[in-house]
Every structure is written in structure tokens, then in C-alpha cells.
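Please look at the sequence and the structure shown here. The text after them is a guide for a first reading.

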Amino acid sequence: MEFSSITETLKTIRSKKISVEELSNIFIKRIKDSKNLNAFIYFNEEDIIEQSRKIDKLSNNLSLKGIPLAIKDLFCTKNMPTTAGSKILSNFHPTYESFVTQKLIDQGSVFVGKANCDEFAMGSSTTTSFFGNTINPVSPKGKQLVPGGSSGGSAAAVAAKLCLGATGTDTGGSIRQPASFCGVVGIKPTYGLCSRWGIVAFASSLDQAGIFANSIEDASILMKEVAGYDSNDSTSAKIRIPDYYKNLNQDVAGKIIGVPKEYTLPGISDEINNVWEEAIKLFEKGGAKIKKISLPRTKYALPAYYIIAPAEASSNLARYDGVKYGFRSNENNSLDEMYELTRSEGFGKEVKRRILIGTYVLSAGYYDAYYLKAQKVRKLIADDFTLAFKDCDFIMTPTTPSQAFQIGEKEEDPIKMYLNDIFTVPASLAGIPGISIPFGKSKEKLPLGIQLLSKHFDEQTILNAGLYLEKNNE
Amino acid sequence: MNNLIKGTKFEWETIIGLEIHAQVKSNSKLFSSSSTKFGSKPNSQVSLVDAAMPGMLPVINEFCVKQAIKTGIGLKAKINQYSVFDRKNYFYADLPQGYQISQYKYPIVGEGVVTIDFNNGESKDIRIVRLHLEQDAGKSLHDQNPVKTYVDLNRSGVALMEIVSEPDLRSAEEAALYITKLRSILMYLDVCDGNMQEGSLRADVNISVRKPGENYGTRCEIKNLNSIKFIKQAIEFEAKRQIGILEKGGEIEQNTLLFDSLISKTRPMRNKEEAHDYRYFPDPDLLPLKIEDSLIQSLVKEIPELPDERKKRYINDFHLSNYDSSVLTSEKQTSDYFDKVLESDNDLKGSAKLVANWITSELFAILNKHDLDIHQSPISPEHLGILIKLIISDKISGKIAKEVFEEMFQSKESPEKIVKEKDLIQVTDTKEIEIIIEKILNDNQDKVREYKEGKIKLLGFFVGQAMKESMGKANPKKLNQILLNKLR
Amino acid sequence: MKIDKNTTLKIAKLCRLRIEERETEELSSQLSSILDWVEQLNEVNTDNVEPLSNVSTAELPLRKDIENSEDKSKDILINAPEKLENYFVVPKVVE
Ligand SMILES: [Mg+2]
Ligand SMILES: [Zn+2]
């Protein structure tokens, strides 16, 4: 048994061919054999076994019974520490379970560990984690590639089959980009579809939980479990959650696919554009119609994002002050000194940089010029999508402007690093759902991804289109 | 009214605006379900949200929104049907989130007015700029340990209404009248318990001085005053301090001050945040608050009769003086008590002035002496009504009534029972009084002679003796009449 | 926008970050270039555009005023770096 898909594994468990405990042991071995990837911040064999034994006694009808999942270390978990990849939370033990992970627990899944991520989800490489870099499992011999970020540990764990699915969070591309780099499916749902309750906040108006899986089918199964209204999240959507898996339908005949001209950027390698071209042809073969569309403000999404997200982050991260939980600097003669030393020692470089930017753009005299301006541009970007969806069923673009790069490659220039999110950020600003599906390979045989975007709460459309792409990909 | 303060060189006018923080009388906090109970064990009424645990999110309390709207209606203010919650960012030990959720650009309530009443019957309108909802912070204890501060988050997240006035106040007295009136309105509306000692009502005082007719001077803010006495003292001290500086040719430094009640002085806060830069921005965890017209209309129906309306009613319907009406209506409980006395017997309606006097003199005095609130009074409004009815129907004299009143306070018995048991019914029978008077005149024949010779001052002596003989029960009017007749 | 060292230090103070002297230069130039880069937003005409704070079109949900007076202080204090008799403890604050 390969145990590489949720659908197949569920069948095996339900038919009692293998117990949850036995299955978990297989995954424990895989994780231990892949320690070099550093996909996990927290991994505890005994805890996994204990979970498994309990789950073995539960009903066979649970929709995720025994399915091993990795949890991005941004989700607060009662039985495992939660660090957000930061020194400042390195000793934090939540007494509560996030809404999303609680739902996954309720369906009988096994949490194999807390997946590594960029510190407070700020990054596109999982190199800003206090707990070291995660290595992309597709790295060729002698090279260490980044898995992307910020949910790099989750993407790597799924790609290396250390689990059958994983949770992630996506603020500007943190699920879609690593999914593309690692060659797995990654979904950022509509803003508000999954509760943010119990997820360490980065930028509240953009943060959205989502999932990684090895196929569209698996992703559809997970999607149904993580979505749902939560009265404790004031931005949570009160909508009926469809059975995405049951509704899967790969017929794309007659669908109109928007291809935005602004996503063809100078300086982007031909292989990215070629793969995009191939995907277009494949859809046409299935009877879909391609429509050239325009999202004129695309260019401004990234700079708007890099004002809005740091601004919200600077406020969201003010609570990490050494008073109530987490790391506190030893030397402190006054409250202010304690704050400053705790935060300076507790936060990494990129987090500090973003807090500074965020503080600056909100400060007196600059609010209108930066923050308010960015929010207005955000409105225009959202309007661009609304208008575009009048002419098409969904939009197709590349997920990333490049293949996975080497660790350390873009470290010295923050803006160069920020450009990784150029194709993913516009959808984040608009709050619409996006999927990255592995499609094509670079010249170096590294995975690439295609991004599909649809209207608010229309995840089904892009899951269906994704299924078509996946099934017809050779 | 002249409120000018004489300095050594000039006369000065004090310009005062108040920011009142009134705690909403809710069971749970503004954004969490923790209890708002006062005086609980430290950190026992703190939820994950109030402690700003990672990933926690605010959900607003509907009741607090309604109370803010009701208050807005009570302040004759504009209710804003679109308002926004903002984050006010600053670091402090008892501010767990590192920001306070407040309202900045779009408050829930706009401009309104509070009318203050002076003793001489005049009144003045104080304009309200706005009212907004916000979270309270926790409490820091600085004096428990020489090198540590202790933090209790029980108050963290409690709902406050911040009510901001225009700088329309001109003296400590006006400020006191304003906060008294505002407190009264809040308590009539039942939106705040008005308990200043427990911090349910606190004031920040913005104060500056100027020569009459000139532009506003630089102002200072005195933070967090929790008694009317302190507010008055702080204003008086601070106005003089500023005048002293200006008359010496100095300049006022814009500052945040604390009031030290032990020495009745203000001083600058020592940990001034170098740059007050709160970086307000809309809280992305909360959507804008939209209020339907229908909600406002239904809350308008819940608004009780407010002090100004009651006062008008007392003046118009009962012909009470402006002063009496003000005194009675300033506390809702007093006013309710007065209304209950009058409602207890229709015959009392014509004697409202007498009822008012009994409440504001006798009842207030005895409650004060025993340190009781009017709602704790052992004498019920019904019993007081009966007592006053006994007076106006000539059953007992005013003097006897006072005795009965004392007895009612001690025993909580009805006045009728006390009067009957002690046989205190007034003697109005002419024959009976004549017998008493004849006895007195007989016993004091020399004095009768002196009286008849012109020493008419002795009349008082005869009245006193006769009253004593009747054990105080003789109807004074009758007694006087008969006595005069006999002595003629 | 050119961010000088003083501005960097002022901003750092505001968000309670202590910046070492040797970091100040590099940080100032990084902040400057990030701000320069985001200023391309000025090319966009945003006259009469409403700022978008949250994409959610839902109504703000209102909670009933039901209190939970259960003592949660154990959970609240369990992660505290310093505590005493149910209080959080911090270095002395002078008011
Ligand atoms: Mg104030
Ligand atoms: Zn306030």
C-alpha cells in the first residue's frame, strides 16, 4: 500500500485492513526518515500514537478517520505548542484549539505535527522561521531549494508524503506559492469561508486558512471540513458549505476562462509563460473558451499589499510584549525596556522590518498618503475582478513568476523576495478563492503551478477546473 | 454669572471640556462574554479574548450598542447609522492587545446637549461633541512592590461610553453641575450605574485659561478623576496654576496631568509617551456597525421620562419651585420616591409642596444621619403619604408628626398604628381644650394679671403650658383662639 | 520617501523595538527603498474611491449579553513569564 491519497486510505481504514495506529506508524517512520527536510517544528511520536488509539475506537463514518495531517504552526492547538515560527512564542502552550483544527479533530484526523512556516507567516521561503529552514523535497541532489512560504513546512510535508494533507494560511500567497514550488495542490478559500479563530493573526483582513493535498479529490474532501461559519469570528461567512467532493465534475466544455493580459510580465521566464500556454491549450481541447481579459490595476496589488499587510501586522503583533505569554527578555529595569528588549530579541529581522513599515504607514501624517491610499487601490483591484467575472467563469494564471529558488538566494533584497507573490496577491486583496495546481515542469524538471481564481464562495468552479487539469495532465 | 478668577494682574476665564467615561451596565464585556462584576478575584473575569491570546477575535455585545443608542437619544443627539470600530495603538502593561478598540472617525453618536441648572433657576446648555463605544483597560497596581507592577485584567474589555463635551464649561461649579446632570441622565436611562467610587463614571478634564474675549489658551488634560469633589479641586488648583504661570510671563506646556487627591494638586504624568501617535485604523477584525432605523425607533419607545421633563412636570402640574423640582429630580430614586408618595393618595396631589418639604428636609436628614440611600429608606413612600395625610386632615400636628416620623423610621410601622398606640390623635374638641386652659389660667393668676396689665408677651407662656398639659396633642390653632378669648 | 536614521529610531520607539546602532543604517535604507517602491501607488487615480478595509459584505454580527463568570484565571496565567497571586507581574511602572 502506498498510502498517498486520502480517498484510497479512507477505504483501507474503513475496511479495517489497517488500523489507524498501524497507519500512523507508517507515517511516523516517513517523518523520521525525512528529518533533513525540517518540515516540522513539533513532532511527538507518542502523542501521535495516543491520538491514533483513541481514533481507532471512534466511528467508521468520520469523514477523515485516521487521516494523518500536518498543521501549520500558526494554528493554536491544545495538545501541541504553537510558535508561529517565532522565538517570541517558542514556549507558548495554548489552552485552546483553533476552530479549524477542532473541526479536523472532530472528523477523526491524526495530527502528525506542527509544520514549519515563516515567522508569523511573513515570508515566501520558510527561511524566516526561528526553527530553521525547511527544505523543498523536490530539491535535486546537491541543491537546497526553498519550499516557498509561508506555509512551506505544510507544502513540503504533503509533497514528501509525510502526511496526506495539511492546513496552511494564505495572506498574500502563502498557500498557493509553496504548493506550486513543491508540486502539490493548495487552496486559499474565499476570505471568510474558514474561521480565523485561534489562528495567530498576521494581517486580519487578508488572512485565510486553507489546505494542501496531493490531488483535487483529496483537497475537496478537506475543504468541506475546514470551511464553515463561526460565531466567534465577526468576519466569518454564514453560507451553506457544499459537498465539494461529491460535486466534482471535470467537464469544462463551454466554460469561459479569463486570461488576464497583465499577468504577462517582462522579465518572467519563458518556461512560466509556456506552461501557461499549454494549460490554455489543454482547456481549449476540453471545449472551454479562452477570453483575454484585463485586470488593469494588477501592477499595484503588490505595493498596496505591502502597505496594508504590514500595517495590520504592526498592530496584531503588539500583543507580543512579554507580559502575558511567550518569551520575555531577562534584562529589564523598566516596563519600556522590557518591551523593547523582549520584542527585539523575540522577533526576527523580516518581522521587525514589517512592523516598522506598518508603524510608519499608520503614523500621524502618513496615514492618508500610504494606508488610506492602499485601501483605495485595494478597492479598485477588487472592482477589476468583479468586472472581469462578468465575462468569464474563472481566471487562469501562473501561480508564481519562477520555479523554486535556492535557499539564501533572495535574502538580501526584501523587494525581490516580495515579487514572489506578484500573481497571488491580487486575489488576496479581492478576497476571492484561488487554487494552485501542479502543472508542467521547468527546464530543471522542477514543479510549476497554475493558479485558478473564481468569484467569492465559488470554490467548486475552480475545483472542477482543477480536476480537469489534473486528470488531463500528462 | 461672573466666573472670572482674579489673578494678581488680570481677570481670567477658565475654559473646561470634559471627557466622561461611563461604564455600560451590561452583564458581559464589550467584545467578550466575561463577566463585568466588580471586585472579583484578580484575573478571574478574563477570557482568552480579554487577555489578547494569539488568534482571539472580538464579537460585539448587542446590549452595549443599544445602551449607547439610548444614551444618544437621552442626550438629544444624532445617532449615526454607520459607525466604525478603530484600533488605538499604544503599549501599556494593562492593555493586553497593545491597542484599545475604540471609535475614532465614525462614532456611534454625534452632537447632542446637556442642560445644567443653577440654584437661581437659570440654566445653560452644554454641547456634546460625540459619544463612542470603547474597551476599558485592565488595572495596574504600582504600590504593592518596590520594583514590580501587578496587573489585573478583570476590567480589560469592559464596555465604556466616552462622552465628550465642547469646552463650554467655565468654572469648577459648572463642571460639577454638568457631571451631576449627565450622571443623572445616565441613571434615569439605566445605562450606567453611576457609581463613581467603583470607577463606573470617570472624567478626564481638559482645562485652559484665557483673558475674557481672547483665544483659547494651551490646554492640559487631567486624567481619570473619579469624584465630583476631586474634579472641582483639580480644576480650581489647575486654573490657579496656569494663571500663576501666565502672569509671570510664562507659557503653558500642553501636558497630561494626574491629580493627587491627598495634597489636592495636579502634576504631570511621569511616563509621558514622548510622541502620542495612536495610529488609529479601522479594526480589520470587525465590520462597520450599521444601525437600522427600526432599531432606533424601538429604543425611542424605551426612553423613560428624563430629569428635565420631570422637572417641567413638577413645576407645571404641582406648582413646585424651580429649586425644589431640581432637587427632587436630580436623583432618579428621589424623584421616583416623590412620585410614589403622590400616587399613594389622590388627596396629596394638592399638597405636593408639603410632600417635597418632608422628603428634602426630614427624610434626607434622617437618611443622611444613618448613611442610607433613599431606596433603602425604612419609611416607605406609602407610609410617608399616610403621615402627610394625617397632617393635612388635622389629625395630628406637625410637631407630633415629627415624633411619629422618628418612630416610623425605627419600627417601620405605619403612622396610623403608631398614632393610635401612643394616643397621639390631636385634641380638637373645644370643651376639652377649654378645660385645660382654665386649669392653666387658674394655676397662674398672677401672670394673668400681668398679662392684662399689658405684658402680652406672656401669651407664649400660656400656650406652652397648655400644650404641655395636653401632652402636645392640642390643636394649636384652636388652643390659640380659645386662649385669646379667655384672656380678653 | 527617504527615511533617515532619526526617523527609523522614532518609529522603532513607537513600536517598542530596540535597534542597534549598527543596524540603523541598513534598516533605514531598506525602509526607504520599500517606501519608494510602494509609492508607485501614486500613479493610480483614487479620487472618489471608497477605501476597502474588509472584503466581507456580511453584517457585523451582534452577540447577546450573556455573561460567563467562570474563573478562567488558571488558563489566562498559565503561560505568563512572571506572575504572583493571580496577578501578571511586570517591571515597575512609574506613572
Ligand atoms: Mg481622554
Ligand atoms: Zn476613552
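The paragraphs below go from chain A as a whole to the domains, metal sites and strands of chain B. The model is a predicted one.

Chain A contains 15 helices and 11 strands. Along its principal axes, the C-alpha atoms of chain A occupy a box of roughly 70 × 60 × 50 Å. A compact globule of 474 residues would have a radius of gyration near 23 Å, and the 21 Å of chain A agrees with this. Buried residues make up 69% of the 474 in chain A. Among the contacts in chain A with a separation of 6 or more, 76% are between residues 24 or more positions apart. The area that chain A exposes is about 15100 Å², of which carbon and sulfur atoms supply 49%.

Chain B is divided into three parts: domain 1 covers residues 5-299, domain 2 covers 307-421 and domain 3 covers 430-487. Between the centres of domain 2 and domain 3 of chain B, taken over C-alpha atoms, there are 33 Å.

Two metal ions are held by residues of chain B. Which residues coordinate the magnesium ion (ligand 1)? The donors are Glu19(B) and Glu221(B), each through OE, and Asp204(B) through OD, at 2.0 to 2.6 Å. Their spacing in sequence is E-x184-D-x16-E. Glu19(B) in strand β2 of chain B and Asp204(B) in strand β12 (residues 201-210) of chain B are 185 residues apart, and this pair links distant parts of the chain. Glu19(B) has a relative accessible area of 16% and Asp204(B) one of 4%. Both values are under the 20% limit, so Glu19(B) and Asp204(B) count as buried.

The zinc ion (ligand 2) has three protein donors, His21(B) through NE2 and Glu134(B) and Glu162(B) through OE, lying 1.9 to 2.0 Å from the ion. In sequence, these donor residues follow the spacing H-x112-E-x27-E. His21(B) belongs to strand β2 (residues 11-23) of chain B and Glu162(B) to strand β11 (residues 159-165) of chain B, so this pair ties together parts that are 141 residues apart in sequence. His21(B) and Glu162(B) are both buried. The zinc ion (ligand 2) is 5.2 Å from the magnesium ion (ligand 1).

Another strand of chain B is β5 (residues 86-89). In a regular strand, side chains alternate between the two faces of the sheet. In β5(B), Asp86(B) and Lys88(B) point one way, Arg87(B) and Asn89(B) point the other way, and all are buried. Strand β5(B) runs antiparallel to β6 (residues 99-102) of chain B, with 4 bridges joining them; there Arg87(B) is opposite Ile101(B). Strand β5(B) is also joined by 2 bridges to β16 (residues 281-282) of chain B, again antiparallel, and Asp86(B) has Pro282(B) as its bridge partner in β16(B).

Which strands form the sheet that includes β10(B) and β3(C)? This open sheet has 4 strands in the order β9(B)-β10(B)-β3(C)-β2(C), with antiparallel pairing. At its edges stand β9 (139-141) of chain B and β2 (83-84) of chain C; each has a single partner strand, so one side of each is left without a neighbour in the sheet. Strand β10 (residues 148-152) of chain B pairs with strand β3 (residues 87-91) of chain C over 4 bridges in the antiparallel sense. Within this pairing, Thr149(B) stands opposite Val90(C).

Technical notes:
Residues numbered from 1 in each chain as written. Chains lettered and ligands numbered in written order. Predicted model: local features only at pLDDT ≥ 70, side-chain atom pairs only at ≥ 80, totals over all residues. Heavy atoms only, no water. Domains from an automatic or database assignment. Pairing = 2+ DSSP bridges. Donors = N, O, S within 2.8 Å, 3.2 Å for Na, K, Ca; no water. Buried < 20%, exposed > 50% of the residue type's maximum accessible area, 1.4 Å probe, protein only. Rg over C-alpha atoms; globule rule 2.2 N^0.38 Å. Contact = heavy atoms within 4.5 Å. Areas by Shrake-Rupley, 256 points an atom, 1.4 Å probe, with all protein chains shown as cover.
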